[in-house]
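Reader: I should like to go through this structure with you, beginning with the ligand and then turning to the protein itself.

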Amino acid sequence: MLPIASALGDEEIKAVTTMLSAMPAPKTKHVTRVDFPGSPGAVLALRGAWERNIPECVVCHGPGGVGVGDHFPPLAGQSAEYLSVQLNAWRDGSRKNDPNELMGHIARSLTDEEVSAVAAYFSSLSE
Ligand code: HEC
């Protein structure tokens, strides 16, 4: 992504972000924290793993991972591959743009299996 983003001029960045922000958000299933988490990915997403200082994802990313305001991006309905690539980028240190290392700490606390499971869970919420 970095080489592509660096190659864009200011006008091109404005044009592409205006176009993308006008597109409709993906439709996702309605999930709340009272729903029974039926898979390991759903447990992490809706309950967290507090014994390892991992809060449930929805505490920041909104109910069912729909996103909150400008700072907590939506996870629900994103592709599992995109989500796991982002989590692995924090784990290997190549992504470090998060405020106060909020995501870096969480991503590094996850196992490979948990990254795959939680990415598959949020991706499965697409309608
Ligand atoms: C304490 C708050 C908090 C919690 C809890 C949290 N996140 Fe995040 N997450 C953030 C913030 C803030 C960002 C945006 C970081 C940035 O500016 O790049 C983010 C970004 C992400 C992104 C990148 C999305 C994108 O479009 O680039 C992924 C993937 C992600 N979080 C997954 C998770 C998962 C999975 C969990 C649960 C295991 C989780 N997050 C829990 C705060 C949180």
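**Ligand, salt bridge and helix packing**

Reader: Which side chain has a polar atom 2.8 Å from a nitrogen atom of the ligand?
Author: The model is predicted. In it, 23 residues surround the ligand, and C57, C60, R95 and M103 are among the closest. A polar side-chain atom lying 2.8 Å from a ligand nitrogen belongs to H61.

Reader: Which residues place a polar side-chain atom 2.8 Å from an oxygen atom of the ligand?
Author: A polar contact requires N or O atoms within 3.5 Å. For one such residue, Y82, the distance to a ligand oxygen atom is 2.8 Å. A distance of 2.8 Å to an oxygen atom of the ligand is also found for a second side chain, that of N97. The residues are therefore, under the 3.5 Å limit, Y82 and N97.

Reader: How many residues apart in sequence are the parts that E56 and R33 tie together?
Author: The structure contains four salt bridges, one of them between the side chains of E56 and R33, at 2.6 Å from N to O. Because E56 sits in the loop between helix 3 and helix 4, and R33 in the loop between helix 2 and helix 3, the pair links parts whose separation in sequence is 23 residues.

Reader: At what angle do helix 5 and helix 7 pack?
Author: Residues including L83 and L87 of helix 5 meet residues of helix 7, among them V115 and F122. By class, this contact has eight nonpolar, three polar and two charged residues. The crossing is right-handed. The axes are 8 Å apart, and the packing angle is about 145°.

Terms used
Residues numbered from 1 in each chain as written. Predicted model: local features only at pLDDT ≥ 70, side-chain atom pairs only at ≥ 80, totals over all residues. Heavy atoms only, no water. Axes fitted to C-alpha atoms, helices over the stretch in contact; angles between N-to-C directions. Helix = DSSP H or I, 4+ residues; strand = E, 2+ residues; numbered from the N terminus. Left-handed = near helix turned anticlockwise from the far one by under 90°. Contact = heavy atoms within 4.5 Å. Nonpolar A, V, L, I, M, F, W, Y, C, P; charged D, E, K, R; others polar. Near = heavy atom within 4 Å. Polar contact = N/O pair within 3.5 Å; in protein donor to acceptor, adjacent residues only side chain to side chain.
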